[in-house]
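Work through the following exercises with the sequence and the three-dimensional model side by side, and attempt each task before reading its solution.

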Amino acid sequence: MNGRPARNDTTLSWWLNRVGVVRRARSRLWRGLLSVLLLVCLFTTPTRAQDVERSIVRVGVLAHRGWDEGEAQWSQLATYLQAALSGHVVRFVPVTLTSAGPLINAGGLDFLITNPGHYIDLADRYPMSVLATRKRTLPDGAHTLQFGSAVLVRADSGLSTLADLRGARVGAVAPQAFGGFQLAWFEARAQGVDLFDDPADLAFYGFPQDAIVADVLKGKLDAGVVRSGLLERLVAEGAVPRDTLRALNANVTYTHPEAVSTRLYPEWPFLALAGTDPAMRDAVALALLQSAASDLPDPWGAPVSYHDARTLVSAFSNRAGNAADADVTGTALSVWLSAGMAVTVAALAGALVLLRGRRGRPAPGPKSAKDQTGVPLTRRETQVLSQIGAGKSTKEIAATLGISPKTVEFHRANLLRKFEARSSAQLIARAGEQFTGSEIET
């Protein structure tokens, strides 16, 4: 009786002791494991995050049909580059004609795929190099390194040449769109028509270009400017019935299988931006040049000369500057007067006349509008700027000028960008500042 409890007590104590040892051992083990995991998290997680960030390759793509279509078009190239650049993450980023510059300036792109005119415009501000030129696949399976613009009209339209665009309702992408406007402007100018001045209305739609084709088909536009190849693609997709649309000036070339209204220019370049890692740039260039052996629908070849495109862009820029010289003066004056600057301008003019009289020098003639503002504006931009200065809304401006509200907003965005303004009030103020500032310097 006395021994049994003692044995039970001893046994119980022994087991309790064993349990305590095991628990303490397990506790030490878990603490050790947690410490190791903590050290791993502290010393490896940021490094891995940084490595992943460094491995991302960002390729900007001008999505001229909208990103839904663009994503499908460029996804195969993204997959191809991803396979060729092991250890890196390839991301394609949609850009527009106006958003590409700020993205480049912010360091948000390593490479860019865009049209030749956009490339030339950007290259004047951001250093970049051409790695390759696209070899676009034609409907017959052949490849081309060239493209043009198609000025589309309905098959039953009475328009037959680019000269017939005088007095017509014309739609295009944007003034800075190479295939979506500038090529057609250059070709029409050779036939005595300025697409800025001579059509009854010029509406800029922005992207996607499909909307321009749709409005030509509906009769809302007499003619629409798009890049060559789009009509054939829309017909193949069933979006446009066959033989319902045709291209003006179709006899410009007999060797290109697509509908085209202008001479041909080099296809899109694949660009490496300054600051891109040289090893990455070389790897991408090599992958592009080897793409002919791949299953890509549009492989890439050695870069071609963009001299002809640069000549056209230069001519267009000169025209834009001359248009600003001719048209901005009266319109800008009405804007500044409507902004409450009449007294300031008059006072400055009087002070300048008095100052010149004291110096014994005759007052020179008025400076050109380009010198006054420092910002070249198109005729339509000056009209919209005048209406904004008068305090009119988008709908009121659209009704006054006979254009769509979307076109008004497009021009308003361009004006804000050109004057680096964030609001209409700041736009008017900065326009006035540039006017008075240039006059003071006279």
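**Exercise 1: a helix and its faces**

Helix α13 is followed by Gly402, whose phi is positive, near 70°. The model is a predicted one, in which local features need pLDDT of at least 70 and side-chain atom pairs count only at pLDDT 80 or more, while totals for chains, interfaces and linings use all residues. Residues are numbered from 1 along each chain as its sequence is written, and side-chain values use heavy atoms, with hydrogens and water left out.

Task: determine which residues of α13 are buried and which elements they pack against.

Solution. Begin with the definitions: helices (H or I, at least four residues) and strands (E, at least two) are DSSP runs, numbered from the N terminus, and a residue is buried under 20% relative accessible area, exposed over 50%, and partly exposed in between (1.4 Å probe, protein chains only). In α13, which comprises residues 394-401, the buried residues are Thr394, Ile397, Ala398 and Leu401. Seen down the axis of α13, these fall within an arc of 100° (taken from the directions from the helix axis to the C-beta atoms), so they line one face of the helix. On the other side of α13, Lys395 and Ala399 are exposed. Finally, the buried residues of α13 pack against α12 (379-389) and α14 (405-418), where contact means heavy atoms within 4.5 Å.

**Exercise 2: the surroundings of a serine**

Task: locate Ser294 and establish what its side chain reaches.

Solution. Ser294 lies in the loop between α8 (278-289) and β15 (300-301), and at 22% relative accessibility it counts as partly exposed. The side chain of Ser294 reaches the backbone oxygen of Ser291 at 2.5 Å, and a polar atom of that side chain lies 3.3 Å from the backbone nitrogen of Leu296. Turning to positions distant in sequence, the C-alpha atoms of Ser294 and Tyr80 are separated by 8.3 Å, although these residues are 214 apart along the chain.

**Exercise 3: the order of a sheet**

Task: give the strand order of the five-stranded open sheet and identify its edges.

Solution. The order is β10-β9-β11-β8-β12, with mixed pairing, where two strands pair if DSSP finds at least two bridges between them. At the edges stand β10 (201-204) and β12 (245-247), each with a single partner strand, so one side of each is left without a neighbour in the sheet. Strand β8 (residues 149-154) pairs with β12 in the antiparallel sense over three bridges, and Arg154 stands opposite Leu245 in β12.

Note on methods
A polar contact is a pair of N or O atoms within 3.5 Å; within protein, one must be able to donate a hydrogen and the other to accept it, and residues adjacent in sequence count only if both atoms are side-chain atoms.
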